[in-house]
Amino acid sequence: MDEVNVTVRNVAPMIGRIDISNDPNQSDKINIIADFTDPGVLDTHTAIWDWGDGNKSHGVINESKGSGTVIGSHVYKSKGEHNISLKIIDKDVYSKVLILRRIDL
Ligand SMILES: [Ca+2]
């Protein structure tokens, strides 16, 4: 009988659609939601937002079977262009996406 060794590699989550909106009640506050998918249905994830102004925060993850959404919101104290990044981490592998956002206070 042949033996077959199967190595299952952990695949990084893939970041999909990203929606950004300004808070209607507060011009310096933005809200972002991003979709992600991971073929590993048992994987769970954490997320870090880097707001590009020296602040970072954990993303709030809502997921089922390896896929879901991550949300974040931030209030800016300085106007101009900010390089926001989102990192979605799955144990030892991660994906990262950069978002350029201009903030006019
Ligand atoms: Ca995975």
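This dialogue reads a predicted model of one protein chain, feature by feature.

Trainee: How many helices and strands does the protein chain have?

Mentor: One begins by listing the elements in chain order. The protein chain has zero helices and eight strands, and from the N terminus on the elements run β-β-β-β-β-β-β-β.

Trainee: What is the order of the strands in the sheet that contains strand 1?

Mentor: The order of strands in a sheet is read from their pairing. Here four strands form an open sheet in the order 1-2-6-5, and the pairing is antiparallel. Strand 1 and strand 5 each have a single partner strand and stand at the edges, so one side of each is left without a neighbour in the sheet. From one strand to the next, the twist averages 15°.

Trainee: Which residues serve to trace the pairing of strand 1 with strand 2?

Mentor: One follows the bridge partners across the pair. Strand 1 (residues 14–23) and strand 2 (residues 26–37) run antiparallel and are joined by eight bridges. Met14 has Thr37 of strand 2 as its bridge partner, while Asp19 stands opposite Ile33 in strand 2. The connection between strand 1 and strand 2 is a hairpin of two residues.

Trainee: How many bridges join strand 2 to strand 6?

Mentor: Eight bridges join strand 2 to strand 6 (residues 67–75), and these strands run antiparallel. One pair to locate is Ala34 with its bridge partner Val70 in strand 6.

Trainee: Which strands make up the sheet that contains strand 8?

Mentor: The same reading applies. This open sheet of four strands has the order 4-3-7-8, with antiparallel pairing. At the edges stand strand 4 (56–58) and strand 8 (93–103); each has a single partner strand, so one side of each is left without a neighbour in the sheet. The twist averages 20° from one strand to the next. Within this sheet, strand 7 (residues 80–90) runs antiparallel to strand 8 and is joined to it by 11 bridges. Glu81, for example, stands opposite Arg102 in strand 8.

Trainee: Which residues form the largest nonpolar core?

Mentor: A core is read as a set of buried nonpolar residues joined through their C-beta atoms. The largest one has 11 residues: Ile30, Ile32, Ala34, Phe36, Ala47, Trp49, Trp51, Val70, Ile84, Leu86 and Ile88. Strand 2, strand 3 (46–50) and strand 7 are the elements that give two or more residues to this core. Strand 2 gives the most, with four residues.

Trainee: With which residues is Ala47 in contact, leaving aside its neighbours within four places in sequence?

Mentor: Contacts show what surrounds a residue in space. With those neighbours left aside, Ala47 is in contact with His58, Gly59, Ile61, Val70, Leu86, Lys87, Ile88 and Ile89. Among them, Val70, Leu86 and Ile88 also belong to the largest nonpolar core.

Trainee: What should be noted about the phi of Lys65?

Mentor: Most residues other than glycine have a negative phi. Lys65 has a phi near 55°, a positive value in a residue other than glycine. Its place is in the loop between strand 5 (60–64) and strand 6.

Trainee: Is Lys65 buried or exposed?

Mentor: One counts the other C-beta atoms within 10 Å, and a count of 12 or fewer means exposed. Lys65 has 11, and is therefore exposed.

Trainee: How does Gly66 count, and what does Gly66 touch?

Mentor: Gly66 is found in the loop between strand 5 and strand 6. Gly66 has 18 C-beta neighbours inside 10 Å and so counts as partly exposed. Not counting residues up to four places away in sequence, Gly66 touches Asp38, Pro39, Gly40, Val41, Leu42 and Asp43. As a check on distance, the C-alpha atoms of Gly66 and Val6, 60 residues apart along the chain, are separated by 21 Å.

Trainee: What is the radius of gyration of the protein chain, beside that of a compact globule of 105 residues?

Mentor: The protein chain has 17 Å, whereas a compact globule of 105 residues would have a radius of gyration near 13 Å. Taken along the principal axes, the C-alpha atoms fill a box of roughly 70 × 20 × 20 Å. Of the 105 residues, 18% count as buried.

Trainee: What share of the contacts links residues 24 or more positions apart?

Mentor: Among contacts with a separation of 6 or more, residues 24 or more positions apart account for 54%.

How values were computed. Residues numbered from 1 in each chain as written. Predicted model: local features only at pLDDT ≥ 70, side-chain atom pairs only at ≥ 80, totals over all residues. Pairing = 2+ DSSP bridges. Buried ≥ 20, exposed ≤ 12 C-beta atoms within 10 Å, placed from the backbone. Rg over C-alpha atoms; globule rule 2.2 N^0.38 Å. Contact = placed C-beta atoms within 7 Å. Axes fitted to C-alpha atoms, helices over the stretch in contact; angles between N-to-C directions. Core = buried A, V, L, I, M, F, W, Y, C linked by C-beta atoms within 7 Å.
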